[in-house]
Structures are given as C-alpha cells and as structure tokens.
4 protein chains.
Amino acid sequence: MPGSAVTYAFLGPEGTFTEAALMQVPDAAQATRIPASNVNAALDLVRDGAADAAMVPIENSVEGGVTATLDAIANGQELRIIREVLVPISFVLAAPPGVELADVRRVSTHGHAWAQCRLWMDKNIPAAEYVPGSSTAASAMGLLGEDCHYDAAICAPLVAREQPGLSVLAENIGDNPGAVTRFILVSRPGRLPERTGADKTTVVVPLPEDRPGALMEILDQFASRGVNLSRIESRPTGQYLGHYFFSIDADGHAGDARVADALAGLHRISPNTRFLGSYPRADMQETAVESHTSDEAFTAAKSWVASILQPGSSPAENVSAASPTA
Amino acid sequence: MPGSAVTYAFLGPEGTFTEAALMQVPDAAQATRIPASNVNAALDLVRDGAADAAMVPIENSVEGGVTATLDAIANGQELRIIREVLVPISFVLAAPPGVELADVRRVSTHGHAWAQCRLWMDKNIPAAEYVPGSSTAASAMGLLGEDCHYDAAICAPLVAREQPGLSVLAENIGDNPGAVTRFILVSRPGRLPERTGADKTTVVVPLPEDRPGALMEILDQFASRGVNLSRIESRPTGQYLGHYFFSIDADGHAGDARVADALAGLHRISPNTRFLGSYPRADMQETAVESHTSDEAFTAAKSWVASILQPGSSPAENVSAASPTA
Amino acid sequence: MPGSAVTYAFLGPEGTFTEAALMQVPDAAQATRIPASNVNAALDLVRDGAADAAMVPIENSVEGGVTATLDAIANGQELRIIREVLVPISFVLAAPPGVELADVRRVSTHGHAWAQCRLWMDKNIPAAEYVPGSSTAASAMGLLGEDCHYDAAICAPLVAREQPGLSVLAENIGDNPGAVTRFILVSRPGRLPERTGADKTTVVVPLPEDRPGALMEILDQFASRGVNLSRIESRPTGQYLGHYFFSIDADGHAGDARVADALAGLHRISPNTRFLGSYPRADMQETAVESHTSDEAFTAAKSWVASILQPGSSPAENVSAASPTA
Amino acid sequence: MPGSAVTYAFLGPEGTFTEAALMQVPDAAQATRIPASNVNAALDLVRDGAADAAMVPIENSVEGGVTATLDAIANGQELRIIREVLVPISFVLAAPPGVELADVRRVSTHGHAWAQCRLWMDKNIPAAEYVPGSSTAASAMGLLGEDCHYDAAICAPLVAREQPGLSVLAENIGDNPGAVTRFILVSRPGRLPERTGADKTTVVVPLPEDRPGALMEILDQFASRGVNLSRIESRPTGQYLGHYFFSIDADGHAGDARVADALAGLHRISPNTRFLGSYPRADMQETAVESHTSDEAFTAAKSWVASILQPGSSPAENVSAASPTA
C-alpha cells in the first residue's frame, strides 16, 4: 500500500533492544523500519518528515536515564512522545563458533552493557580486557569481520541467536536479572493519544533561577494538584555548571483537568517549559485520583468562580460601592 | 427623589462609630439611614430588601475581629462586602452637667470600649465600678434617663458633643491612641465593584478535615499564586470544639487571574468556601504583582495549554499511538 | 492545714461555669478559692503569688476563643497552663418565685450567654429586652436586689438551683445542646506536668513580618514534624491593623522530641514566641506519632549527625583537604 | 620521605583531565599518583588503604553528572569528599605527524568527548567515522600503536603536546567553549575539612516511598532551614524502574547548625541517607545566611527550649497539675 505505509526510525543497528521495542508496536512488522546511527539522527528523521515516528531508549532500571535522549527531545524542534514500551534486558556472551570461554581475552560491547555485566565478568573471566563498542549489536557484528581485534561480544540474545556465524558462550550474564529498559516512540506534534485513565505526561522544565526553593515551586505545581511523579531527572543546560532543566514524568494526561492545571502553573513559573506528550503507560496501571482533584472538582470550581465574576443580576447597582474616592 | 433613594442600615444606635463610618460613604448623607439593634438585624434588613446595604464593624486594631459580624456574614443567605471604611477610635468620658470626675462611682459603656480604656480608668478613677452597656451610645443616652444607676459613660466624642444634656469630663481616654476600627459595607450579591489595583477579597473557608496540614493546603492556594493575606481569623463552626472555619482577607480582586485561580483552588479543597466580595482597600495601597502571577502570565499559560490540547494539525495521525493494547 | 493549703483563683463570681470547672480539679474542694472580677485580675493573683493557680475560660465551642484570656496570657509576666477542663454548657432562665414566663419583659445575662440563647428567646419571649450583665451569675444575683430593673436572668443551672430566692422558668434554653467551654488552669512557670502521651502544648507566636508565607513558615514548623494543631487563633497585637500574633494548641508535650524541635524552629523564625505550657488533654485522647517523628527517630538522627561531626578516627589526616587555598 | 608520603589515586590513564585536576591539589606534585582504569577501581584503592584519596570526575557542565561516580560513592563502604576542583575542558584533534585533516577518516575518543565535539566534526570532517575509546588519553596513545585502526583522536591539549609522536591538527574543537568539569577528591571517613564559610555538603538520599510529595519533603528539609541546593540528581537504585535516590549538593558545612539540622531531618525521613562530606567550594563563594538560620539563632533556640524543659525553680509544685486522672 504505497503512500499509506508507516515509516519508523529507531536507534540502530538492527538487533538491538531498541528494535525489539519497536516490534512491540502493533503495525511495526508491516512498516518500513529505518535504523539510525544515534538518537539525534533517529529524531531528525522524524523532524524532517522522513519517518512518522522514532523509537529510542530513555531509561534503564540499572543505568538510569539515557542522557542522549533526554537532551535530544528537550532541544530543537518540538516532538511528542506517543507511546512507551518496556523491554526486559538480558545479555549473552557471543563469539564465533569454536571459541571457548577460556580463550576469551578481549570483549567488546557498549559501555552501558559492560557496566551491567561487571560482576559476571569479574567472576568468570576476570582477566578479560574491555574494548568499547558503539552498540551491543555493532560489537557482535564486528566479530564477523576479518580483522576483528577482540574475541567475544556482550549483546542481546536476539542477535546472537539469529546471526549465522555467532554462538552463545553464556546466557543471562547481566548482574541484575530484573533489568528493564524503557523506550519511547516519538512523533511530530499532533493530536494527543486518547486518555485511557492510565497515562503519563512528560515535560521539560528549565529551572527559572538559582534560588532556594525554585525546584520546590515546580514540584508544588504537581503536588498541590495531587499529581504524582514517576520520574524526575536533572540535566545540565550546558550553559554553565549549576544551570539545570528537569525532565519529569507525571501520572495522568494533559486532558485531565488536574494535569492541565499543573501545566499552566509550570508555564507561569518557567515559561520555557516544554510539553513532550501524554501517552498510555506501558504497565496500564490506572491513576488514582482524589475527589478534590477530579475533573468534576475542577469543573465545579470553574463554574463557581464564573458565577462570582458574572452574576446573573445586579441588585446592588444603586449602591455607590465602586466610587470609594468620590 | 422618591424611588431612587438609597437606604442604608447600620449597627446603631445613632452616634456610634458605625454611623461615623457610614457617613464616609459618598451618598450616605442623602440616603435613608436605619439603625439596627445588632449586626444580624442590620444584615437581615439587607437580605430582606429593606435596605440596599448595611454598615457594620468587622475588626478593631486593639480588640480584634468582631465575632458577631464574622459569624453573621459567614452564615445565612449570601452577602457581599462592597466597601471598607477605617475610623480612628477615640473615647471621651461623658456625664450630665455638674458631675465632676471625683463624683464618678459607676461608669457604663460597651464591653469593648471598657477594655480599651482600662489603663486610664485605673489611673484616674480606680474605684469606679463597671456597668455593662449594649453600646457606647446607649450608655451615653442612658445618662439622660430619670432612674439612671450610673454616673458617667464612655462614648464617642460625637455623641457627647452633639447631645444636649451631656458634658465631657475627659477626652482621649483610650489606652491606645492609634486605635482604628474597620467597618464594611455589605450588600446582596451583584456585580462586583470595579478593579482598582488596590483591592481586597474576603472569603470564608471551612477547614475540610482535622488533619495535619489542612490549613497549610488552604494557605498554599494563596501563597502559590503570590497572593498576600492581610487578615486570617479562625472561628468555631459551633458544631464542636476544634471545628473551625477561617475568615480571610486576601490582596487583590476576584477579577485578577491569580485571585480567581486561588478561589478555584479553595473551592476544590473546601467546596463550601464562601466568597464575600472584592472591593477597594480603604488605604488605596496598590497590590504588587510578580510577573509570573500577572494576568498576562495566566493568559499565556492558558493559551499554551490550549495549544497542547487542540493542536492545529495532526501530522502523526497514521501512527498507531492510540492503541497500545491492540 | 495552714502553710500547705493550695489557693486557687478563678473568674468569678461564685456560681459561674468557671467555678464548676475549678471543682473538677482534684484538690479544689479543700483549697482556698478566690473569685476574681475579671481574667486579668485572676491571673494577677497568680503572678503576685496570692494564688497558686487560676482557672479561666479560654474557648467556647459556640462563641470561639475567649479573647480576654488569649490576650492576658500572651502578655505580661510569663505563665504556664498546667491543666485543661471541659465543661458542658447549659443555660436556664431564672426569676424570683412567682414570676411567670409571660411576665418577663427584660432579661439580663452576659453577652456570650445572650448570644447562645437567641433562638430560644426569639421563639418563646420575642419581645424581651436585653439588659447586659457582667456575668451570668451577677445577673442572677442581681434579681435578689431591691431595685432590680429586669425580670429574669439567663444563668448556669447550678446558681439557679442553689440560690434561695430564685426559681427556674425554663431549662436547656441554649441554642446548641452540645455546647462546651474549655477552661485552663494557669500557674507560674515551673516544672512541666509529666508526659502522658495525650498532651497539648500551647504557644503564642507573633507573626514575624507582613510577608506572603510568614504564617505558612510557622505552620510548617509543626507540619514538617508531624505535629497536628487542634486550635489556631489570630489575635491583634493592638499596635496597628494587620499586626497579629497566633495562639496555637499543638498535639504533644514539649518533652516529645518532635514538639521540642518544632518549638526551636518557631523560636528561630519568631524569637518572641512564648511557651504557655504542656499539659494533659482533657479528653485523654492519645497522640498518634509516625515513626519518623518519634523520639527514637530524633535520637537516631542526632547520633548520626554527631558521628559525622566527631568521627572516632581520622584516617584521612595526612591528606591536604583542609588547605584549599594553600 | 617513606612513610609520610601521600598517595593519590585518580581516574587514569595519565594525561586525562582528571590528572590535571589532581595536580591542582597542593601536595600532589610530590605525592605518589596511581592511575586507575575506572572510577570504582580508583575508589577501591582508597577503601583498601592503598591510596589516601582519589580524584574522580563528578559533573560536566555539558554532559551532566558522571553516573559512574555518582553511583560508586553512593554505594559500598562509606567515603568522604574532601575537596572539589574545577577544570576547564578544551579538546584538540591529535594525529601522528604527517597526517592532514583531509586524511582523517576514523576518529577515536571517549563517548563524552565525542558528544562535545559533534558540531565541529560535522562542519570540518563530516564523513569521519567514530571509533569508541575508553578514555581520551587511551585513544590518543592508541595512535602510537602499530595496528591502530583509526587516524586521529580527540584528547586533552596536555597529552597531545607532551607526547612525542603526536601532533595537533586542530585546537579548541569543543562545541561549548565554556565547558568545565568538576572533580572531587575522595578519602575514607575522618575529621571533616574545616569550615571556611564557603562550603558544600554532599548527601545521597534514597526516596523513602513512591508517594506524592516524598521528594518535596526531602527538599523542604533544606528549604525550611534556608539551605540552598547547587545540584540535585536522581539516580536509579537499580532495583526497579521508578526507584530512585537523590544525589544532592547543598551550600554550607555539616558544622553549620542549619546544615546539621537539615541532615538530622533527612535522616529521620530517609534513615539510609548517606553523608558524603563537607568541603570548601572551588569557587570560594561565601554562603549567605539569613539571621534566623544562623548558628546564633540555633543556639538561642536550643537554650530557650532547654529552659522550658528544665526550669530553674518549680514554684507550682504543690498544684495538682500532674494528676489529671486522680
């Protein structure tokens, strides 16, 4: 179906956990999928219109926020997160057929993966030297090259299993068996995904000034409306030390009155606040809402204030209230 | 001009400080003025339509809030404060002609006046016995009666000077020379007095629950919008010990976006919050407004949120964001 | 037993609810009891050493705080509340024998009692005129005088029943059947009453400045230590309009670490904060304490900070940390 | 001077910015300096006693917090930061003599350095391929190896200039000319560096629960004592998504009463709070202290509370305050 086909970018190369995340999107299997060499490149494909959306990692339960992504979506032309995907992370040690564990002297992988397999490496092949790779998949594929200067790679099970020429020396070598990475699907701004009652809203809020309490004022915009935060990260603006913005995930959807009200409060305090989207939670856990922060409570409050400002009648008109200095 | 004439009620009798307050209202001299025997009676004349507005005392710089007024406007059919008036309070000791200070053995006045002249009495006629009166003017007028059982009265200078049959034994006998009483002019709900930039808003907020922090949540509705409070008083609801409502004066007008937003917040937390009016400050002191709580900041924030919720275009429509469980 | 006998002052005259409150104190029946003509006089008897303690009313569930008491204990030589007593308030209409309800044209009582019986009066003898009295008991006793210029008095059941020459025309004429008045027993500063786990602490805190949030800072001293407030009242300092102090009852005892810590915080923000005592609650309702505000949590925190400031050993001594500008 | 010599570890290899930071420590030139292959290894040398202190990077003005360091000092055996050092960061492009810019096809460096030179690279040698290196110095030194599979390296000016066999192709190629990295000198716990009035205190605070407002409670411990924060970063605990600790730099020294009080508050809320040291600020900017959070204010408050709890005399002893249920 030319013309109607969807195109997705993702942080490549093929075989990474990011591609696994993309494949969880219902129509991804039928879509055109473009691997990008880095997060910025993936997002630029969206910004340029070459892709409809891009899948990129944003947070790892062990390593923390993916700073490249946090910074890339916080700057440049505006984008919107429209979906999140959780992928359990497990690592294998892959090598060309015939290589035994005892033969492994140099191991390549991405820095984050290396950090997550340190205990296993220290215990099983403590003498192994680390060779940095630009991704787990790149390190794995590098083993197939002629002049490869390392013996094994730490990579996703998918790559090792599907790639002819690689065999698995050890499985589940990650130090944290429950490790999960969260990915986001990012598009150009448009109609927001529908409210589901189990949503998240992501914003980027520059800290207005370096004064005591500025961060508390920001957090109070959420707390005073009963909006819980599931993630908060500080990132440098890059201008000078101590100048930050905050990347925040809040429970709820911009279409929820309490979230909309909190967004308005943020904009007043920090006018460069950037809205990055409202989208369904991957865990589909419904947000609990107290009665005084429900849509009904906001609507009732708005009506009440309107009735004060524009009363139906004016029986007091002939009283000289409005001319105190007359 | 029959038909168009304004009618004012006031806490009587004639000759009290309340009448002096009423006379500060521009058209009061030409208006019909009805003295009422107590605050509730004065307000009921307004509620019933027999008067257009009523002048009653609400706060004394020495004695504090006038609880009768605070409670009366907080309950019953809704009313609106449309003006405030400040009257400096000074007291005289009045007696029938011929009575000397040394002759005075029993002194009548209202309890509040007695409290404000204690030091002078203790110093000048320490043996004098107190005879409670229902108002300063009533005590003064009582001296003219045949069977008066006291010798002198503490009252306003106006009464003592204008009433034949009374002479002034001593002037300025109040212990606090700067004493001021604040009065309010109260009408039925109607069009609010115009914004002047130097306004006050009065609300009554029942404390939602007896929990730690409930009062702080209420105060935070003002603080988080940069709205200063000039008065806060707790009053019992009368239901049981420890059950309160708060009577609050805030700087600004309900037509100011930050005040309207605070009102909406109060209504959500405490749905029985009662709005008692926005009106010009007697001291005409302008309210300072920080840029992030200006009307402009609120308007900009509202527009921004609207642009998020209803974007002009929907370029991301063919991406399957809205069906995470499909 | 001369020398060992206790002397109590109380707000008189005899037969008031205050005396009833005093009689709830275990040794009051055997003690010398001195009625005082007003709250200040009662407290001065304690300050002068003429009495060991004084019983005075502080709060009525219908009328609110007793401002005379709130102001009297907030100023002058320091005093301590050592006990609180609750007395249910009910009123009777008393008159000399032979007087029928239909005969009553003028009724005397204290202003607060009059306010609490308004509905009954309006319904049963709407034409009755109010004659102010200095206390309910004084009005009742006045009926026995020769030249009494009123026909009946509203007073406590006790007086009407025990005083020969008075009969009860109507009982339970108060508008609020659950009305309660709270009384406090006040002594000179000394050893605090023992902690019981069901205590109250009373303080008087002058508002440091007229700035947005000053009251919130004060309240936060309690909230941030999980200390609930059972009463808060603003009172004018008498200096000028808008200058307040707050009279506050907090759950807990100054011997509780969280309360002591809150007191220290108050003293820093408002150095003229006055401590008015820690004493058992009349209702003996135990204070719930969260684990992080328990005495144990405070002790553990203090030890931890001490271990930081005075470590047992100094292994890093030969590192030039302390001379950054050398 | 055997025995008295100081030994410093640092994140190696030699020639990195970390070594430049270490050389700012007064006695570093005379000390034994041990390069470590990663942050954990450097800190373990201190924990094991093999080094007296270790210099490691903690924050970059462009890239943000150094997560390896943040995590390493937050876990394991306790350590103390005793000094901070700021180093301006500038990059050069280095290559073996004879290589021209036009010849460069593959460039190696550390990922963070690559990120900071992206704009320059895109503009000047857009076709260059990135080869990950474990450090800027390692990439530079790799150029001297026989089988080097890249043509140039991005590294610190120091390395390129001092190392025979390397020449500089381009200077100041960093995208952000004001880039600064902050380093910390870390020792075992011991006597804290002296107070200078221009100090910092670093703590690690696990978020006690995933509840609305938990982070605000933590921040309030600082704000309510007037302690400003210069850095706050969230880090995953690694247990599961959404479980964080916060790494915080606060103005002031643990020996300042307001900081000690804030630490105690943190310990109560989050008992696993870890103190990581108080040390002079590199910029020597003095901390402004409001009068109500000064040491004097804390001392006065403490004395006041002590005087309440242990009064000199007990004049009220014979009053039965302590036996309310008797």
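User: Which residue of chain B comes closest to the rotation axis?

Analyst: This is a predicted model, and the distance here is taken at the C-alpha atom. At 2.8 Å from the axis, the chain B residue that gets closest is B:P132.

User: What rotation superposes chain B on chain C, and what kind of axis is that?

Analyst: Turn chain B by 180° and it lands on chain C with an RMSD of 0.0 Å. The shift along the axis is 0.0 Å. That relation is the one you get from a two-fold axis.

User: Why can we say the copies meet through the same surface?

Analyst: Take the interface residues of chain B and ask how many are interface residues in chain C too. The copies meet through the same surface because that overlap is 100%.

User: Which element gives the largest share of the side of chain B that touches chain C?

Analyst: The contact draws 35 residues from chain B and 35 residues from chain C. On the chain B side, β8 (129-133), β11 (180-187), α8 (214-223) and β13 (229-236) each put in at least two residues. With 7 residues, the largest share belongs to β13(B).

User: How many residues on that side of chain B are charged?

Analyst: Split the side of chain B that touches chain C by residue type, and you get 13 nonpolar and 15 polar residues. The charged ones number 7.

User: What distance separates the centres of domain 2 and domain 3 of chain A?

Analyst: In the domain assignment of chain A, domain 2 covers 92-170 and domain 3 covers 191-303. Domain 1 is given as 7-89 + 178-190. Taken over C-alpha atoms, the centres of domain 2 and domain 3 of chain A are separated by 41 Å.

Notes: Residues numbered from 1 in each chain as written. Chains lettered and ligands numbered in written order. Predicted model: local features only at pLDDT ≥ 70, side-chain atom pairs only at ≥ 80, totals over all residues. Least-squares fit on C-alpha atoms with pLDDT ≥ 70 in both. Contact = placed C-beta atoms within 7 Å. Domains from an automatic or database assignment. Helix = DSSP H or I, 4+ residues; strand = E, 2+ residues; numbered from the N terminus. Nonpolar A, V, L, I, M, F, W, Y, C, P; charged D, E, K, R; others polar.
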